[in-house]
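Okay, let's get going. I'll take a few minutes on side-chain contacts, and then we can talk it over.

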2 protein chains.
Amino acid sequence: MPTPTIGVFDSGFGGLTVLRALIDRIPQAQFAFLGDTARLPYGSKSRRTIARYAAESARFLVNEQGAEFLLIACNTASALALDAIQDAVSVPVLGVIEPGAQAASAASQTKDVLVIATDATVQSHAYTAACRSQGLRALEKACPLLVPLVEEAWIDASTVIAASAAEAAPVPPRAAVTAEVIRIYLAELTSEAAARGFNPDVLVLGCTHYPLLRPLFEAAVPAGMRIIDSAQAAADAAVQSINGRLASAAAGSSARPTELRCFATDSVEKFERLGSRFLGQPVGKVQLVDLGG
Amino acid sequence: MPTPTIGVFDSGFGGLTVLRALIDRIPQAQFAFLGDTARLPYGSKSRRTIARYAAESARFLVNEQGAEFLLIACNTASALALDAIQDAVSVPVLGVIEPGAQAASAASQTKDVLVIATDATVQSHAYTAACRSQGLRALEKACPLLVPLVEEAWIDASTVIAASAAEAAPVPPRAAVTAEVIRIYLAELTSEAAARGFNPDVLVLGCTHYPLLRPLFEAAVPAGMRIIDSAQAAADAAVQSINGRLASAAAGSSARPTELRCFATDSVEKFERLGSRFLGQPVGKVQLVDLGG
């Protein structure tokens, strides 16, 4: 019995952090990843536009690539277009918001959580709604500079952490800028939380680019605050959803290597160049697809 | 005789700095501005995609809004799609690259110039070619973090300049981040210039977002280096191109108020909210148009 093809979709490269977490958990599966790079970023666009783009991308993965399960590895599309995607295709569809809220609930003692994400995700208040259904109060903040800082690789986590711990190692100026931007965003958010009577003990990284900044966040959050990575949470939830089918299919094929096909709607060269940083391994040859945008 | 309608096109809001410079010079004209905000940023996309988007936008301004002259107020589209736009419409089309190179030539004594712009503009080497035809050597650098920093308004030029001059006034942390990013980019660029034997005395701001950063650049460039703003240079060139026609049309109507119609392909609310910062006056009601993207 062949293993099912799992479709993973993002507006760009960030969703490769979710794919990476999935491959860690079920390396014997087949994956088809689509980055809608011609039309990124979704985070600054309207709900109507995002829904149209996301539905077209979902149909490509299901109808043309045979995906039998779809993971929306993009917080913005999960927040604004999950219904539109579920209407567009007939396979199970999972977003990253619900798993993130569930993981936050499991981690929080105070039941107050902070969420950082793109403009569009925050304006949708999808995390607030998902957290409320878990019995949590959520305070959200848009941090739109973090995606470009990650894409430009103004990060060097190990060095920054060393400097933060010992004040000795030189901090590369580019990484120091990113650390300062994170410090400013967190100061603004924790200050607002205090003013509104929140007592948060969890920070949700509500954008699939942010896992690459996790070491910087670990160094910047107040003592005792736990960090929830929606990429990890979504991968856990996806594995649970497809577990029965996959377990039986994989029973006789535990040594099967991961099969991965990557597609992009533009900038294939940039995808190949930057993607490995998000995936943690080479993305291989990326195929260009035209969704008519 | 009615004044001609001047069409001004950008992928987003940045081109409003060019429109502002045009309105300063010919306030009695009629303007139609289109920001292709559903598909921004162009700077990270391929030539093929940019050419298609820009041609569709140009046809809207000429065929549906009656523009009789088209100014491409976007360095990326000017660099990668000027030919495609000129093929798409039958009116005169002017980009921002040639005027920028001409102004740089007039300002430079050493005939070595630095150019900063988006990724796509730099990779096209359009400024290098335009500068070479003016007898200049150009060294280009992509500065992709500057557009998001401007759009997020992490700028407070007056305070930063005061602090730089006197080390006394407190620098707002957000503006200090932008000043530091500019310092890093300029240090990398001038270091490369020195290594390659350049002796530059002019810095070209090759992106229509950058005029809002001009005070920060003034504080950061080496002593004696002149700054050329391609928005101002393009507005000067546009006025020269349409001067005869406009002068006769405007002879009897010097008190006519500026007529301005603004269009965007998405995020009309964001355009209205942010646009005034670029235009220097309210943009008024922005109309949503669908170019099929």
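**Side chains, rings and the interface**

Let me start with an aspartate: Asp36(A) has 0% relative accessibility, so it counts as buried. Keep in mind that we're looking at a predicted model here.

So what does Asp36(A) form a salt bridge with? The partner is Arg39(A), and the closest N and O atoms are 2.9 Å apart. Arg39(A) is buried as well, because its relative accessible area is 2% and the cut-off for buried is under 20%. And there's a third member: salt bridges with shared partners join Asp36(A), Arg39(A) and Glu56(A) into one network.

Arg39(A) also does something with a ring. Its charge lies over the face of Tyr53(A), 4.0 Å from the ring centre. There's another arginine over a ring in chain A, by the way: Arg137(A) lies over the face of Phe198(A), at 4.2 Å from the centre.

Okay, aromatics. Over all chains, the structure holds 16 aromatic pairs. Tyr53(A) is in one of them, with Tyr42(A): the ring centres are 5.9 Å apart and the planes sit at 45°, so we call the pair tilted. Where do the two residues lie? Tyr42(A) is in the loop between β2 (30–35) and α2 (47–64) of chain A, and Tyr53(A) is in helix α2 of that chain, so the pair ties together parts 11 residues apart in sequence. Both Tyr42(A) and Tyr53(A) are buried.

Over in chain B, Tyr42(B) and Tyr53(B) have their ring centres 5.9 Å apart with planes at 45°, so that pair is tilted too. Tyr42(B) comes from the loop between β2 (30–35) and α2 (47–64) of chain B, while Tyr53(B) sits in helix α2 of chain B, 11 residues apart. Buried or exposed? Tyr42(B) is buried at 1% relative accessible area, and Tyr53(B) is buried at 0%.

One more ring item before I move on: in chain A, ring pairs link Phe13(A), Phe33(A), Phe271(A) and Phe278(A) into a cluster.

Now the interface. How many residues of chain A are in contact with chain B? It's 35 residues of chain A against 35 of chain B. People often quote the size of an interface as the accessible area lost when the parts come together. Here chain A and chain B bury about 2700 Å² between them, with 52% of it on carbon and sulfur atoms.

On the polar side, the rule finds two salt bridges across the interface of chain A and chain B. One salt bridge between the chains has Glu188(B) meeting Arg174(A), at 2.9 Å from N to O. We also get six residue pairs in polar contact across the interface. On the side of chain A that touches chain B, the elements giving two or more residues are α2, α7 (146–151) and α9 (173–195) of chain A. The largest share of that side is eight residues, from α9(A).

Last bit, back to salt bridges in general: there are 22 over all chains. In chain B, Arg25(B) pairs with Asp236(B), with the closest N and O atoms 2.5 Å apart. Those two link distant parts of the chain, Arg25(B) in helix α1 (residues 16–25) and Asp236(B) in helix α11 (residues 230–241), 211 residues apart. Unlike the buried Asp36(A), Arg25(B) is partly exposed at 28%, and Asp236(B) is partly exposed at 39%.

That's my list, over to you.

How values were computed: Residues numbered from 1 in each chain as written. Chains lettered and ligands numbered in written order. Predicted model: local features only at pLDDT ≥ 70, side-chain atom pairs only at ≥ 80, totals over all residues. Heavy atoms only, no water. Phe/Tyr/Trp six-rings, centres within 6.5 Å; stacked < 30°, edge-to-face > 60°. Helix = DSSP H or I, 4+ residues; strand = E, 2+ residues; numbered from the N terminus. Buried < 20%, exposed > 50% of the residue type's maximum accessible area, 1.4 Å probe, protein only. Lys NZ or Arg CZ within 6 Å of the ring centre and 35° of its normal. Contact = heavy atoms within 4.5 Å. Buried area = accessible area lost by both parts, 1.4 Å probe. Salt bridge = Lys/Arg side-chain N within 4 Å of Asp/Glu carboxyl O. Polar contact = N/O pair within 3.5 Å; in protein donor to acceptor, adjacent residues only side chain to side chain.
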